[in-house]
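Here's a quick tour of a protein model, meant for reading with the structure open beside you. Have a look first, and then we'll start with a single side chain.

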Amino acid sequence: MQTALSSVLLDVPRAAAIWLALLVLAVVAVAGLVARPDLFRSVIGGRIREAAMPSLLEEAAEERAQRRYADEVATAAERAAATAGRMRAEWLSAQDEVEAAWQAYEAAEADVRRLAAATALPRPHTERTPAEYADRERYLHRAALDAYWRRELSEEQLSDVFAHRNGWDPRLHPVDQELVLRRAVRDHLRARQEAAQEREQAAWRAAEQAAVAARSLRDEAFAATVPAPQEQESLLPGVGDEPSPAAEQTREMPVVARQKPAVARGRAAVPA
């Protein structure tokens, strides 16, 4: 027991010296941090950021991927712009078709009004013989065929003419036959104008959608070629964030009222 106690007593001064040396080192380190806080921020914080940041190979690979993505988006934007231009051309063509169909309908409506007024006049008397009826039938068929080749009658209407149904009577007076024919032409042109108007509306919607898609791809391509700067946040709070001289001056000096800068007169260059 005495031997163990004596050995412990011999080691106490050595242990006390070690603890005293560690305490002195800790005091020196704390004093250095208090006296030079920027040393820890600049050296240790910079090393931590460098260890956390990606390597040069990773940055090169990311840059190649970004460039490839930008090229793909630019190609898609060009194709979308071409599609939008083609859709717009189709819409303009559909507008011209609607205008032409409307003018043809108005002309047919004017013919109907003119013939309706002419039917109120007395008609020349003709004998009702089989030859007269045959002439009237031939006249009706020839007039209907001429209107069909001018695309003023549909196939169904022409079929009704030769079948003598739906109001087509070859025994009518030629003036009455012409009035029936003009009314059928007017109805057909009116239906064709409505169909052209529906196609124009569909072409307009398609052109609008193509324009929106092209605009979106163009903005995305521009954002891909000019990436926004990324702000790197500090990994440790308060580490590596050196206060700027302006900030220190702001903390030390009182706030001075800002003066409104003078407006520059003249015309500045505005980028397209």
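Is V24 buried or partly exposed, and what is its relative accessible area? In this predicted model, V24 comes out as partly exposed, because its relative accessible area is 45%, and buried would mean under 20%. You'll find V24 in helix α1, which covers residues 2-35. V24 also has company: together with L20, L23, V27 and V28, V24 makes a nonpolar surface patch of about 470 Å².

Now for a contrasting case. Q193 sits in helix α6, which takes in residues 174-225. Q193 counts as buried, because its relative accessibility is 5% and the cut-off for buried is under 20%. So what does Q193 touch, once its neighbours within four places in sequence are set aside? The contacts are V98, A101 and W102.

Here are the two residues side by side:

| Residue | Helix | Relative accessible area |
|---|---|---|
| V24 | α1 (residues 2-35) | 45%, partly exposed |
| Q193 | α6 (residues 174-225) | 5%, buried |

Stepping back to the whole protein, the secondary structure amounts to 7 helices and 0 strands, so along the sequence you simply read α-α-α-α-α-α-α. The protein has 272 residues, and 19% of them count as buried. About 21,100 Å² of the protein is exposed, with carbon and sulfur atoms supplying 58% of that area. As for contacts, take those between residues at least 6 apart in sequence: 78% of them join residues at least 24 apart.

Technical notes: Residues are numbered from 1 along each chain as its sequence is written. This is a predicted model: local features need pLDDT of at least 70, side-chain atom pairs count only at pLDDT 80 or more; totals for chains, interfaces and linings use all residues. Side-chain values use heavy atoms; hydrogens and water are left out. Patches are made of residues with over 30% relative accessible area and no salt bridge: like charges are joined within 9 Å, nonpolar side chains (Val, Leu, Ile, Met, Phe, Trp, Tyr) within 5 Å. Accessible areas come from the Shrake-Rupley method with a 1.4 Å probe; for residues, only the protein chains shown count as cover. A salt bridge is a side-chain nitrogen of Lys or Arg within 4 Å of a carboxyl oxygen of Asp or Glu. Helices (H or I, at least four residues) and strands (E, at least two) are DSSP runs, numbered from the N terminus. Buried means under 20% relative accessible area, exposed over 50%, partly exposed in between (1.4 Å probe, protein chains only). Contact means heavy atoms within 4.5 Å.
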